[in-house]
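Colleague: Before I use this model for anything, I would like a close look at one part of it, with the context needed to judge that part.

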Amino acid sequence: MAASSELKHVDPDQVLDDQAPVQDEWGPIVSHHKAPFEVGDVFFYSVMISLFFGGLHLYGEQFWAHILATYPKPVIILGGSFIISEVGFWFWVTLLGVLDLYQFPKSFWRYKIQPLKVPTWEWYTKALWVVLQNQFLVGVPTGLLLYKLLEWRGNPIGMELPTIWDLAKESIGFLAIEEIGFYYGHRLLHHPKLYKRIHKQHHLYTAPIGIAGQTNAINSHCGFHLPLFPSPLAHDYHHEVFNKNYGPVGILDWLHGTAGSRELTLEKKKQREAAQAKSK
Ligand SMILES: [Zn+2]
Ligand SMILES: [Zn+2]
């Protein structure tokens, strides 16, 4: 079983909508079924919410009062957001880098989604350069612009911490905005006129690696379907075949008929072959 380490690219113009490419060999298949809520999703978000509200209840108010009294608001919003996202990003990317490049811990490789495509230093150095440019040349100016918008809307931060209901409402609202904005924006980026100029770079990784996502997309690009983590299978499959699973949640993919998985593709292939055999 030869491990391929080169960056492969399949032109999505050649991929027909109902005929996602089927590879002869996928290697040992971990579970590729993506249910809307898997145990990992429920566990991950329950732990996150419990930690957040546990911490908030114990230390949150004093800590927040101390931060507000110590630092000016632009430093809290811009510096705080930058530090939290940078620490989170580099922490996970370092762990995933060790897992990808040194195959440590080896036992985690049983969860590798595309085990025949082994990430290399070349993949990492290429992605690192793009990530640094994106974080500083795009991320910093965007943060400044968003801060100006927050200021324009009114007092951006106050003394009171949000309640669990505020967070629930905003999370649902942002999830809906993300699903709509991401799905249609992403489909637009797959238009032949835009794809080659912009999105092709992201799709050089037909087996994605965490560093090639930005901060909130590390898990969906990590290449491993780890227990107790949200499933990255849908977006991993998007990288494999280009024309399925454009959205982050899956509702619009289901509505537009662009939802897909290896199982579905294999099933369709079997049906086509059975129909061809019958008609002969
Ligand atoms: Zn991606
Ligand atoms: Zn894409």
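Colleague: What pLDDT does the chain average, and what percentage of the residues score at least 70? With that settled, please take me through the loop between helix 2 and helix 3, where Gln103 lies.

Modeller: This is a predicted model, in which local features need pLDDT of at least 70 and side-chain atom pairs count only at pLDDT 80 or more, while totals for chains, interfaces and linings use all residues. Residues are numbered from 1 along each chain as its sequence is written, with chains lettered from A and ligands numbered from 1 in the order in which they are written.

The average pLDDT (the predictor's confidence in each residue, from 0 to 100) is 81 for the chain, and 84% of the residues score at least 70. Over residues 1-36 the pLDDT is below 50, and where pLDDT is low, the predicted coordinates should not be read in detail.

The chain contains nine helices and zero strands, as DSSP runs numbered from the N terminus (helices are H or I, at least four residues; strands are E, at least two). Helix 2 spans 73-101 and helix 3 spans 121-153; each of the two supplies at least two residues of the largest nonpolar core, a set of buried Ala, Val, Leu, Ile, Met, Phe, Trp, Tyr and Cys residues joined through C-beta atoms within 7 Å. That core has 21 residues, and Leu96 and Trp123 are among those that touch the most other members. Residues 75-102 are also covered by a "transmembrane region" annotation in an unreviewed UniProt entry, given in the numbering used here under a shortened feature name, and such annotations may be inferred rather than shown by experiment. The span 75-102 is 96% helix, and its end C-alpha atoms lie 38 Å apart.

In the loop itself, Gln103 has a phi near 50 degrees, a positive value in a residue other than glycine. Gln103 is partly exposed, with 13 other C-beta atoms within 10 Å; on this scale, 20 or more such neighbours make a residue buried, 12 or fewer exposed, and counts in between partly exposed, with C-beta atoms placed from the backbone. A cis peptide bond then joins Phe104 and Pro105, with omega about -5 degrees, and Pro105 is likewise found in the loop between helix 2 and helix 3. Most residues other than glycine have a negative phi, and most peptide bonds are trans.

A useful parallel is Asn245, whose phi is near 55 degrees. Asn245 lies in the loop between helix 7 and helix 8 and, with 25 C-beta neighbours inside 10 Å, counts as buried, whereas Gln103 is partly exposed.

Methods:
Two residues are in contact if their C-beta atoms, placed from the backbone, lie within 7 Å.
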